[in-house]
Every structure is written in structure tokens, then in C-alpha cells.
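Let us take a friendly walk through a protein model, going from a single loop out to whole chains. Keep the picture in view as you read.

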Amino acid sequence: MDNIQFETSLVKLKNQLIKYHPSDIASLFETHESMRTKIYEALGVKLFKNVFILLDDHVQVQFFDTLNKTQQASLLKFLDTEDIKDFLDTLKMSQQILVISLLPEKTKNEITQLFSYEVDSSGALSSPHFISLSTTLNIKQATHFVTTQVTEKDEIDVIFFHDEDQKYVGAMSLQSLIIARANQNIEKLIDQKYPFVYATDSIDIAIQKIRDYDIDLIPVLNDSNAQIGVILSDDALTIMDELHIETISSFVKAQTLSDTDSPLKRAMNRLPWLLVCAVLNILIVSSLSGFSDVLEAHVALILFQPMILAMAGNIGTQSIAVTILKLQNQPQVLKKDVFYELSIGILNGAASGLLGAAVSYAFLWILPGSYDQMNLIALVVGLSIFLSMILSALFGVLTPMILRKFKLDEKAASGPLITTINDFFALGSYFIIAALILFT
Amino acid sequence: MDIKELLKQNATDKEILTVLESMHSFDIISIFDELSEEELKRLKDMMSTEKFADVISYLEPEDAAEMLQSQSLDEQVLVVQNLEPDDAADIINELSKEDRLELIEILDSDEPVMALIQYKEETAGSYMNNDILTVDAQDDVKDITKKLISSAADLKSVKTIFVVDDTDTYLGQISLKTLVRSKVPLKAIDILKKEPNLNVYDDVDNIIKHIKHYGIYDIAITDEHDILVGAITTDDLLDIYRDEALEDIERLSYLPDTDVKSGVIGAALKRLPWLILLMGLSIPLALITSNYEAILTSVVILALFQPLLLDSGGNVAHQTLAVTLVGLSYKEGVSFKDGIKEALSGLIIGFVLGILAFVAAYILSDMLGVASPLHVSIVVSVTMFLVVILAPIIGFVTPWFLSKINLDPAAASGPLITTVIDIVCLVVYFGLATVLLGGQMHG
């Protein structure tokens with residue numbers, strides 16, 4: 001890839017480029033800013049459109065602007081409708097109108113249709129390039145249609161069928177159509193249990209079905225059961241990837257992860273959460289500062305403060321992650337899920353509490369300095385670990401559940417709020433238990 | 001009528017079978033959990049071998065192996081022949097050693113699955129299918145179509161046709177879509193498209209990088225001499241991606257494999273090792289703190305700011321860690337430039353948080369009547385500043401280094417980073433405190 005010779009004729013450049021996959025050419029296009037026009041001219045619009053759809057959003061917009069009206073229109077003509085929609089989504093309103101005005105009438109209608117669905121619904125992300133045949137055709141007619149009438153844009157790995165009222169009936173793989181004998185009854189070959197989704201269903205449902213039923217395309221129906229599009233497994237991968245990155249970012253309270261952002265933008269992006277964390281943390285400390293006498297009398301308590309905070313935090317992380325993963329597959333957390341996490345919290349809290357008490361006792365015993373009431377301090381540490389871990393495990397399952405109930409993004413649970421709640425209860429139980437045991 | 005009710009009402013096998021046939025296998029396995037053992041056995045016994053094979057191919061391999069094991073050996077062979085070879089290989093590899101040997105013994109050695117069970121888990125070889133349709137470069141469209149029709153009944157998927165030369169070297173592939181629209185006298189060599197392929201020993205990380213970069217299609221798998229040995233199909237790719245994504249999150253949140261269902265005690269035991277390990281990692285912190293007890297005794301308020309400092313350092317480092325891990329999962333990887341950007345953003349964040357810490361520490365220590373609030377707030381804010389600057393560097397270098405020495409960066413980075421940051425933080429914090437506030441220790 002690095003040995004591409006740019007200083008040559010367009011024909012020679014094209015011959016070098018076509019040896020590579022569009023994804024590789026796209027990377028090359030992004031990194032060689034001065035050569036963009038030359039790459040575009042060498043490939044010609046028909047090959048270039050495969051590269052264009054793989055470019056980063058801002059490169060797409062940037063390059064599109066450098067083209068003249070005719071070039072823009074011809075590029076748009078070659079793009080699939082759902083790719084045009086993706087591209088439009090990255091543009092500002094005023095530019096969108098400009099681009100739409102360049103589209104052929106048919107595409108314009110398809111685009112308007114796609115925009116009428118809610119964001120992240122199956123309808124909004126569907127592609128109108130599918131084949132739906134009438135069940136009244138025979139095998140020969142169907143095969144003839146598929147071999148002669150379809151365009152390059154159409155997905156034909158699976159062929160769909162509708163009845164006289166245009167209602168969706170089922171699907172057949174291209175494979176079964178090809179191997180079918182001419183005299184077979186077409187209706188017998190149609191798979192009527194082939195999964196489908198409705199346009200208003202969330203895209204997550206479509207992806208889950210594609211994955212669970214091992215299919216390449218899933219049909220999307222409107223509310224009168226007519227098919228309006230398909231979703232491809234390729235799109236499923238893209239969306240799964242987005243969801244995955246979103247989940248990971250929410251775990252660490254970073255907003256969006258983009259490798260092109262400048263340091264200042266990165267800092268600004270992350271500061272709000274960090275500030276919230278810090279301020280909440282300071283508030284906790286202030287509210288607990290009344291316990292400083294306890295700490296003053298037993299400095300040994302400070303030694304185990306990080307341990308208690310960490311243990312509560314760790315079990316909280318586990319139970320939040322389990323709950324968020326669970327909510328990706330089911331609509332709400334059930335009572336039994338709460339008890340499940342709570343029981344695990346009690347068991348592991350008890351195990352860690354015992355171990356924590358033993359460790360802290362051994363630790364104080366080994367240290368050269370002499371400590372008063374070593375066994376009592378160990379008791380305080382053990383009990384605090386036990387109690388705070390149970391509380392954290394419980395909050396870890398309850399917070400996402402409550403957020404989901406109020407239709408908020410449950411992934412926000414892994415944000416600073418829960419960390420702070422956990423810290424508060426962990427330190428609170430530590431200091432209160434210490435005051436009770438050591439001051440009586 | 002659903003299966004569960006039919007079973008309860010003692011419906012005849014025929015009635016139940018009709019319902020079973022009309023259900024997708026994935027939907028059938030989702031009711032397994034709710035059935036009693038006898039009911040499950042009854043279902044198993046009445047299903048045809050083909051249906052049974054299709055149903056268990058949707059189960060997790062461990063569960064499928066358990067189902068398979070309950071059949072007689074002859075039946076097992078029939079089931080294996082009806083499974084896709086890659087699924088069969090996964091299931092056979094989950095059988096207990098004796099059962100596995102017994103089954104392999106009586107399986108035909110040219111059964112496609114036999115070539116697959118040799119590959120190590122999580123390599124391209126273990127995910128691939130080897131019953132694929134291959135044609136010769138010189139075959140014309142008519143030959144290919146003929147071959148396709150004659151073998152389609154035996155092969156699960158022929159939506160991609162692979163083209164090889166006379167030494168079985170991979171040349172390219174033809175989608176069914178292209179084939180139906182091509183006419184004689186075109187030959188395979190004229191209509192094939194050479195797509196990037198993978199090596200049979202490539203591990204799962206490479207597969208993920210490959211599909212993130214090139215998108216999802218039926219990927220040809222070759223051996224080290226470019227001989228075509230199989231293909232990974234799109235449906236399997238989605239599953240591979242999902243499993244890896246899930247594993248990433250599990251590792252970041254100290255979880256065991258959550259796909260396997262287990263009871264409360266089992267789950268608790270599986271999550272415990274991480275917790276114990278992490279507890280162990282907090283012991284050095286206690287040790288460091290104990291070295292500075294003198295200063296802590298005289299300025300107890302320092303202890304109250306400890307969580308703030310530790311949390312902030314950890315938070316910032318984990319943000320960088322996540323950016324870096326996501327970056328590492330792409331083909332381009334991460335560059336040194338990204339590290340610099342992260343470090344610079346740490347500088348800005350450190351400055352802001354440092355100021356905040358200064359103000360808060362001053363107000364709080366003044367309220368509590370500490371002797372020198374200015375010194376305390378300098379100690380707290382300077383530590384905050386230094387830790388937040390250092391955090392992104394550690395958060396970047398750790399996963400980068402781990403991936404360089406071929407360790408999984410997602411698994412080890414979290415705890416390693418937290419421990420390093422915490423230690424640095426405490427040493428700086430108490431060290432500074434001793435220098436600046438040490439004078440009042442005995443006063």
C-alpha cells in the first residue's frame with residue numbers, strides 16, 4: 001500500500017489502485033490529502049463510489065464540497081439510497097437541501113420516506129434495494145426476473161414475496177430458487193417463518209434477529225404488512241460496533257471516542273463528567289468530615305480506606321455491567337435478577353469481608369509500629385467491606401433498572417452518579433461502623 | 001398453541017411435531033429452559049435427525065455437547081453428518097475426552113469435520129467451514145451453474161463460490177448475485193473478484209480487525225501456501241464479533257464469561273477471583289500509607305482528600321484506556337501521535353481539576369480549623385495536577401505495551417493501571433505533605 005506511485009498518469013494510477021480493496025483505498029485517500037482529486041479522477045465515479053461510502057464523515061463532506069455540481073450529481077446517482085441517507089445525516093440542514101435537489105426523482109422519494117421514520121428505528125436504517133415478487137409467478141418467471149430485471153444495487157441473496165394485496169408473505173434464498181425444478185410450486189418453497197421486523201421497531205431488534213436466526217438480510221414491514229425495505233448483516237455489524245463503542249465509553253464516562261479530535265476538544269469533552277465526579281466527591285468528604293475525630297484517634301483506619309472504596313467500586317462495576325448487558329437483550333430487569341445480584345453481593349461481600357478482616361489484622365500485626373485494638377480495627381474493616389459491597393451490588397442493578405423505567409439511557413448508570421453513591425455509602429459505613437465499635 | 005402447553009396436555013407426538021416444524025430452531029431452544037427433563041427428552045426423541053442437528057447448532061457448544069452426549073453413538077454420527085462442519089467441530093471439542101475419542105473413532109475420516117477439529121480455539125481455522133463450493137478458474141458460467149445445482153443440496157450455503165487454480169490456490173470468489181447475471185462464454189476467471197483473505201492460523205483479533213476494515217462478507221481462509229481450505233461465512237462473523245465485544249466489556253468490568261448460565265453460588269464463585277486479586281492489589285497502598293503515619297496523625301484532613309485524588313486519577317486513566325483499546329481494535333492500530341494528544345488533554349484537565357481541588361481544600365480545611373489551610377490546599381492541588389497529567393500517559397502506554405508483547409490489553413490493563421496510578425498518587429501526596437507540612441508535625 002505504501003509503494004503506490006502517485007506521480008504518474010491517471011491510467012497507471014488506476015491500474016495500481018484497483019489491485020486494492022476499497023477499504024484500503026479509503027485509508028489511502030484519507031491520509032494523502034493532496035492526492036484526493038487525483039485518486040478520484042483515476043478511479044472514475046463508478047469505482048470511486050465504493051471508496052466514498054467508506055470514508056470518515058468529515059472527509060466525505062470535505063471532498064464532496066470540492067466537486068462541481070455535475071460531479072456531485074453523478075456520484076449521488078451511483079450511491080445506494082441508504083448510503084445517501086447516511087451522508088445526508090452528517091450534513092447541516094442547508095446543505096442537505098442542496099444535496100437532495102441533485103437527486104433523481106425516485107431516489108428523492110425514497111429518501112423522504114426514510115427520513116419519515118424515527119431515528120434508530122428499523123425503518124430509518126433500511127435499504128429500499130430489495131426484490132419482492134408476487135406469489136402468483138412460477139419458478140421460471142421468478143428466475144427470469146432475477147436474472148434479467150435486477151439492477152446492480154439490488155440485494156438478491158434473499159428474494160421476498162408478496163400476495164395480491166402487496167402484503168408480505170415470506171422469503172426464499174436465491175440458492176433455493178436456482179436449484180428449484182421448473183415444475184415445483186413456488187408457494188411451497190417460500191419460507192413463511194422467515195423473520196421480519198416492523199419499520200417502527202428499534203434497530204436493536206432487527207440486529208438481534210439477524211444474529212439469532214443467522215440470516216443475511218431481514219425484511220422491514222410497514223404497519224399494513226407491506227415490505228418497505230431490508231436491513232443487511234453488513235449494516236448490523238456497523239451498528240453493533242457503534243453500540244459496543246458507546247457501551248465502552250459509557251463505562252469510563254468519556255463521551256464520544258474519536259481519534260481525530262484535538263487535545264483541547266478531548267479535554268473539553270471529558271471535563272464535565274470529571275468535574276461532576278470531583279465536586280460530588282468533595283461534597284461527600286465535607287459531609288463526612290465530622291468523623292475526623294475517629295480517624296485522628298485511630299490513624300490505622302486511614303490505611304484501609306482505599307481498600308474499602310476499591311472493593312465497593314469493583315463489585316459495583318461487575319453488577320452494573322451484568323445489568324447493562326442484560327438490558328441489551330431484555331426490556332426490563334426482573335425481580336429475580338435483582339435478587340440474583342443481591343445474593344451474589346451477600347456471598348462475595350461475606351467472602352471479601354472475612355478476607356479483608358484477616359488481611360488487615362495480619363497487616364497491622366506485621367507492621368513494626370504498635371496499634372491499639374488491632375482486632376477491633378480488623379472487625380471494622382471486615383464489616384465495612386461486607387456492608388458496602390452488598391450496597392454497591394444492589395445499586396449496580398437498581399440504577400440501570402430505574403433509568404430504564406424512566407426511559408433514560410441505562411448506560412448512564414455506569415457514570416459518575418453511581419460511583420459517587422458507592423463511595424458515599426462505602427466511606428459512610430466505614431466511619432459509622434468505626435465510631436460505633438471503637439468508641440463504645 | 002405453544003409447545004409447553006401441548007406437552008402439559010399430553011398431545012400426541014404428531015401434533016407436537018407439526019408445531020415444532022413450523023418453528024424456527026432458535027425459537028425452539030429458547031423454550032428449553034422452561035421444560036422439565038422428561039419433556040425435553042420427549043422432544044428430543046421425536047425430532048428428526050435433521051431437525052435435531054439444526055436445533056442444537058443454535059445452542060452454546062457446551063450445551064449442545066451435553067444434548068449430543070445423551071444420544072446413542074450411531075445417532076451421534078448421524079447428527080454430526082447433518083451439522084455444518086464448523087458447528088460440529090465446536091461441539092465435538094466440548095465433549096469429554098473419552099466421548100470425543102469414541103466418536104472420532106467411528107466417524108469417517110473424510111467427513112469434513114475431521115479436518116476442522118485439529119485447529120486451536122479462537123483461530124480462523126476453528127471458525128471456518130470447509131464444505132464450500134469451489135470451481136476451477138477455467139470453468140464457464142454454465143459449468144459453474146451445473147456444479148452449483150448438483151452440490152447445493154449437500155452444502156448449507158452456496159451464496160459465494162470460490163475459485164481456485166489447478167493447485168487449489170485461492171484466486172477469488174464469485175457471488176451468486178454475479179453468477180446469475182453472467183452469461184456464457186464468460187469463465188470463472190472473468191467474473192471472479194479477489195477479496196482479501198485470512199490465514200487459517202490468524203487469531204480472533206485479526207478476524208475482528210479484518211471485518212471492521214473490509215466489512216462483512218464470506219471470507220476465504222487459506223493455509224500458508226495460499227491453498228484454499230475453507231471460509232468463514234457472514235452469519236458466523238456476526239457471532240464472532242458479538243462474542244469478542246462482550247468479552248471486552250466483561251474484562252473491563254472484571255467479569256467472568258457471562259454467556260454461561262449458572263446458579264447464584266456458581267456465579268458468585270466465578271466473580272470472586274477478580275475481587276480477591278483486586279483486594280490484594282490494594283495492600284501496597286496500605287503499606288505506603290503506613291509509612292506516612294506521622295504526617296497523617298497531625299494533619300488528619302489529608303485522609304479525607306485521598307478518595308478524591310485516587311478517583312480522579314483512575315477516571316482520567318480509564319478514559320484514555322478506553323480510547324486506546326478501541327483504537328487498538330482497528331487495523332490501523334494506535335500511533336504515538338494519539339499518545340501525545342492524550343497527554344496534552346491530561347495537562348488541560350489537570351489544570352482545571354487542580355484549581356478546583358485547591359479551592360475546595362482551602363475552604364474545607366479552613367472550616368475544620370486546620371493550622372495552615374494554604375499548605376494543605378497546595379499539597380492537594382499539586383498532587384491532583386501531577387496525577388491527572390500522569391494518568392493518560394499510563395493509560396496509553398500500558399495497553400500499547402501489552403499489545404506489543406502480544407498480551408491481551410483489555411484483560412490486564414485495568415487493574416494494572418489502577419494500581420500504578422494509586423501508588424504514584426499516594427507517594428506524591430504524602431511525600432509532598434511531609435515536605436510542606438512536616439514542620440507542624442510536632443507542633
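## A loop to start from

In this predicted model, Asp226(B) sits in the loop that joins strand 5 (219-222) to strand 6 (228-232) of chain B. Its phi angle is positive, about 65 degrees, although Asp226(B) is not a glycine. Is Asp226(B) buried or exposed? The answer falls in between: Asp226(B) has 16 C-beta neighbours inside 10 Å, so it counts as partly exposed, because that class lies between the limit for exposed, 12 or fewer, and the limit for buried, 20 or more.

Chain A offers another aspartate to look at. Asp120(A), also not a glycine, has a positive phi of about 65 degrees. You will find Asp120(A) in the loop between helix 8 (105-115) and strand 1 (130-134) of chain A. Asp120(A) has 11 other C-beta atoms within 10 Å, so this residue is exposed.

Here are the two aspartates in a table.

| Residue | Phi | C-beta neighbours and class |
|---|---|---|
| Asp226(B) | about 65 degrees | 16 inside 10 Å, partly exposed |
| Asp120(A) | about 65 degrees | 11 within 10 Å, exposed |

Back in chain B, there is a feature of the backbone to find. Which peptide bond is cis? The bond from Val184(B) to Pro185(B) is, and its omega is near 5 degrees. Pro185(B) belongs to the loop between helix 13 (176-180) and helix 14 (188-191) of chain B.

## A small sheet in chain B

Now look for three strands of chain B that form an open sheet. Their order is 1-2-3, and the pairing is mixed. Why do strand 1 (134-136) and strand 3 (170-175) of chain B each have a side without a neighbour in the sheet? Both stand at the edges with a single partner strand, so one side of each is left free of a neighbour there. From one strand to the next, the twist averages 35 degrees.

Strand 1 of chain B pairs with strand 2 (residues 160-164) of chain B in the parallel sense, over three bridges. Val135(B) stands opposite Val163(B), a residue of strand 2 of chain B.

## Chain B as a whole

Zooming out, chain B has 23 helices and six strands. Its C-alpha trace spans about 95 × 60 × 40 Å along the principal axes. The radius of gyration of chain B is 30 Å, while a compact globule of 443 residues would have one near 22 Å. Of those 443 residues, 41% count as buried.

Chain B is divided into domain 1 (3-122), domain 2 (134-252) and domain 3 (282-440). The C-alpha centres of domain 2 and domain 3 of chain B are 50 Å apart. These two domains do touch: seven residues of domain 2 and six residues of domain 3 of chain B take part in the contact. On the domain 2 side, helix 15 of chain B gives the largest share, four residues. By class, that side has two nonpolar, one polar and four charged residues.

## Where the chains meet

How many residues does each chain bring to the contact between chain A and chain B? Chain A brings 85 residues and chain B brings 87 residues. Helix 14 (residues 263-288) of chain A gives the most to the side of chain A that touches chain B, with 14 residues. That side of chain A is made up of 49 nonpolar, 22 polar and 14 charged residues.

Terms used:
Residues numbered from 1 in each chain as written. Chains lettered and ligands numbered in written order. Predicted model: local features only at pLDDT ≥ 70, side-chain atom pairs only at ≥ 80, totals over all residues. Helix = DSSP H or I, 4+ residues; strand = E, 2+ residues; numbered from the N terminus. Nonpolar A, V, L, I, M, F, W, Y, C, P; charged D, E, K, R; others polar. Rg over C-alpha atoms; globule rule 2.2 N^0.38 Å. Domains from an automatic or database assignment. Pairing = 2+ DSSP bridges. Axes fitted to C-alpha atoms, helices over the stretch in contact; angles between N-to-C directions.
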